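Visitor: Could you walk me through this one, starting with how the chains come together and then going on to some side chains?

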There are 2 protein chains.
Amino acid sequence: MTGTTQDDYTDRYARRVRGMTTSEIRALFAVASRPEVVSLAGGSPYIAALPLDAVGEMLGELAAQQGATSLQYGIGQGTIELRERICEVMTHSGIVNASPDDVVVTVGGQQALDLLARVFLDPGDVVLAEGPTYVGALGVFQAAQAQVRHVAMDAEGLIPAALEEAIARTDGRAKFLYTIPTFQNPAGVTLSEERRELILDICERAGLLVVEDDPYGMLSFEGDAPLPLRARRREGVFYCSTFSKTFAPGLRVGWILAPHAVREKLVMMSEANVLCPSAFAQGAVTRYLTTMPWRQQIKVYQEIYRERRDALLGALEDLMPVGTTWTRPSGGLFVWATLPDGLDSKAMMPRAIAARVAYVPGTGFYADGTGRSNMRLNFSFSAPDRLREGVRRLSGVMEQELAMRAVFGEAGLHPGPQRRRGPAAADVPGPDLA
Amino acid sequence: MTGTTQDDYTDRYARRVRGMTTSEIRALFAVASRPEVVSLAGGSPYIAALPLDAVGEMLGELAAQQGATSLQYGIGQGTIELRERICEVMTHSGIVNASPDDVVVTVGGQQALDLLARVFLDPGDVVLAEGPTYVGALGVFQAAQAQVRHVAMDAEGLIPAALEEAIARTDGRAKFLYTIPTFQNPAGVTLSEERRELILDICERAGLLVVEDDPYGMLSFEGDAPLPLRARRREGVFYCSTFSKTFAPGLRVGWILAPHAVREKLVMMSEANVLCPSAFAQGAVTRYLTTMPWRQQIKVYQEIYRERRDALLGALEDLMPVGTTWTRPSGGLFVWATLPDGLDSKAMMPRAIAARVAYVPGTGFYADGTGRSNMRLNFSFSAPDRLREGVRRLSGVMEQELAMRAVFGEAGLHPGPQRRRGPAAADVPGPDLA
């Protein structure tokens, strides 16, 4: 207790944090946020598309006219006004039977996942999740000391036979399936209509709960997205979403629609965690949904992101080295690329940053250290010409790597031993880039 | 999975939630928020004392002028601008050597405690805490599956000899001392100057970390509060505070000042929990501290609360039944009352609510079921005449209970068996009243 070295605390940490370390990659992402770097790494919506003056006026009124409640404590579950609006929003996605009483307002979609983990997961419990999956979910499951088993996807999303196999291998220790069925992060694929019923049937037969994470479902570029899983089954499905992608992430407002019996546990856990969600942020979203054209704003986002997706896909087609493949998302924010044989997205990162382009290496999206041949590319935040410039820089780095590999062999690309990595969450950028 | 009964999920819950149940008392608090009830139960600041028009204008500008960042994701640790302002605020409390790099912005003071618990506590670990202590902290420790051992206080706060005894009894299993040294919630007492050094010495000798919770330190009615523990020791002390009592709780902005080595773990845990604190709420607090007279506003709160404390103490003096005693806080929000022999604050609650007055029974502030002869009375939220009316109603209920007791004996007051209770957190109101 007298010095300032890390050793003073190391032996006092709870077991859940002992595996949590920051990675060398993380420091690179600090550099990636510089303006000269084209970042394909983030997951940020294009907030400049919001009518900021009108939003400002609305927020000013919220404080001036309703400050006595909007700046005060609120109840742990969230305001009834917002929960009613959330049920309306879910109707827009095809969930028509939700009661405001079964909605729990959360601090963004992240807290929704964390609350579910804390209510259901003991150390050693198994969670099934798509491989690759959302980095923030991996962080939640790591903090819960749970084991993640990945289930393979293809262009139609989660593969039913792979899910059945994974369930069989876990001997009933799996608590739930965590899935992002629509415009998946990071893979950019969508679970097909037919498979939705199959996946639900498999989970129901196995007694496996389903945590459906749906932040992107409204950001469809080609007609409506398939109905959410929760619209097809009421029991056993926990539906999570957020206003981060349809309105603004800076307010941190998300929600869980939970089976009634569990809702109470989630509220108590949220109260232990944050006492109550921000009354001001809830009031802001409620006003936004009540007084502003939110459906129209989603159309605006859809148009912008569709154009950017097309720009990214076009640039990849034109510029990527032979042997590179990628997904073709019909909504959402991300493309998932697979590199030519022998390239390592993690090892290549420092050179990419030096070439003023950033991405998230695929290893960040797996709990088991795989993903070195993959990268996630974001198309929501940057304008089409920036996206093309980013891909141009990235392909230049890849061509150089391939040339080096041709001369020196694989060893030239990977100085140092190839250790099997621990939990992948350490490999990802902070929330400003994730 | 086919029905809608609670049994469908009960056997799936994590161990940490199995003891979490809502209490019958909680339903009463829903009634307590009706306007005809004088609530002495809450912990809410008097937000109407804020210049709401000016705050509204400021928030409107924040969205209109800085929306591209304030409505966007931010970094997990919190913005550097706010962390610098927080260091200035702490200087005001006498903590002059803090670096913004060691500050972690949190979702109110509650998340600060939860993050510390998740970083340090394994199931079965022991936490020492004042008895009584903050209900929200008990909720955190329960969720962490930790054991709370209470340490007695007197009018000068935590009793050093009692702390030494408690440490000796825990066989080194205690991870930290959780303490609210200044204007304690709920007891309304303040750790004296002399004892601050003694307590720190005891903890240092025992290798016990100190979690110092200081939400109320600036709300002093009689000169400056004693220096925080963190101003006296740099290592081994985690300082937590919040803007909920000095600005507005509806924004949910608090912080931890942590020894450098631990700060990184706290940030990673916060990212797993909420990704990042609200950029908008942080921008709001930053603007408030930069452009508005925040020191003057604290003086306004001090004046209002001093007058209300005096009104509450005067009413207690004038109206309480013989045998009732209470603390005389020199700051903060709360008075802690001890009832005449034989009265039970928990059993009396329904009758108090029927008489249109609410308080929090003392049992809510202990992890071990004690506190039935105590109640917490809040004086920050209601005007002096309302406080007096509340005490008048409360004393009427107590006189009736005493009269019934004189006629029927103790059994007449406590229908049903007196079971030893589980964790006390279930006995408290929701966050709107806590």
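**How the copies meet**

Guide: This is a predicted model, and in it 100% of the interface residues of chain A are also interface residues in chain B, so the copies meet through the same surface.

Visitor: And what turn lays chain A on chain B?

Guide: A turn of 180 degrees, with a shift of 0.0 Å along the axis, lays chain A on chain B with an RMSD of 0.0 Å. The two copies are therefore related as by a two-fold rotation axis. In chain A, the C-alpha nearest the axis belongs to G60(A), at 2.1 Å from it.

Visitor: Which side chains does E235(A) join up with in a polar contact?

Guide: The side chain of E235(A) is joined to that of Y9(B) by a polar contact of 2.9 Å. E235(A) lies in the loop between β7 (209-213) and β8 (237-242) of chain A, and it counts as buried because its relative accessibility is 15%, where the cut-off for buried is under 20%. Within its own chain, E235(A) is 26 residues from L209(A) in sequence, with 8.8 Å between the two C-alpha atoms.

Visitor: What about Q110(B), what is it in contact with?

Guide: Leaving aside neighbours within four places in sequence, Q110(B) is in contact with residues of chain A, including E271(A), N273(A) and L275(A), and with residues of chain B, among them Y134(B), V140(B) and R252(B). Another of its contacts is G136(B), whose backbone oxygen is reached by the side chain of Q110(B) at 3.0 Å. Q110(B) lies in helix α6 (residues 108-120) of chain B and, at 2% relative accessibility, counts as buried.

Visitor: Switching to cysteines, how many disulfides are there?

Guide: There are zero disulfides over all chains. C203(B), for instance, is in no disulfide, and the nearest cysteine sulfur, that of C240(B), is 15 Å away.

Visitor: Why no bond for C276(B)?

Guide: The closest cysteine sulfur to that of C276(B) is in C240(A), and because the two are 17 Å apart they are too far for a bond.

Visitor: Are those two cysteines, C203(B) and C276(B), buried or exposed?

Guide: C203(B) counts as buried at 1% relative accessibility, and C276(B) is buried as well, with a relative accessible area of 0%.

Visitor: Now rings: how many aromatic pairs are there over all chains?

Guide: The structure holds 25 aromatic pairs over all chains. One of them is formed by Y216(B) and F334(B), which are edge-to-face, with 6.1 Å from centre to centre and 90 degrees between the planes. Y216(B) lies in the loop between β7 (209-213) and β8 (237-242) of chain B, while F334(B) is in strand β11 (residues 334-338) of chain B, so the pair ties together parts that are 118 residues apart in sequence. Both Y216(B) and F334(B) are buried.

Visitor: And how do Y301(B) and Y305(B) sit, stacked or edge-to-face?

Guide: The pair is stacked, because the ring centres of Y301(B) and Y305(B) are 5.6 Å apart and the planes are at 25 degrees. Both lie in helix α12 (residues 294-319) of chain B, four residues apart, which is about one turn of the helix, and both are buried.

Visitor: Which rings form a cluster?

Guide: Ring pairs link Y9(A) and Y13(A) with F120(B) and F238(B) into a cluster.

Visitor: Last one: where does the charged end of R308(A) sit?

Guide: The charged end of R308(A) sits over the ring of Y46(A), 4.1 Å from the ring centre. In chain B, the charged end of R308(B) sits over the ring of Y46(B), 4.1 Å from its centre.

Key. Residues numbered from 1 in each chain as written. Chains lettered and ligands numbered in written order. Predicted model: local features only at pLDDT ≥ 70, side-chain atom pairs only at ≥ 80, totals over all residues. Heavy atoms only, no water. Least-squares fit on C-alpha atoms with pLDDT ≥ 70 in both. Contact = heavy atoms within 4.5 Å. Disulfide = S-S within 2.5 Å. Buried < 20%, exposed > 50% of the residue type's maximum accessible area, 1.4 Å probe, protein only. Phe/Tyr/Trp six-rings, centres within 6.5 Å; stacked < 30°, edge-to-face > 60°. Helix = DSSP H or I, 4+ residues; strand = E, 2+ residues; numbered from the N terminus. Lys NZ or Arg CZ within 6 Å of the ring centre and 35° of its normal. Polar contact = N/O pair within 3.5 Å; in protein donor to acceptor, adjacent residues only side chain to side chain.
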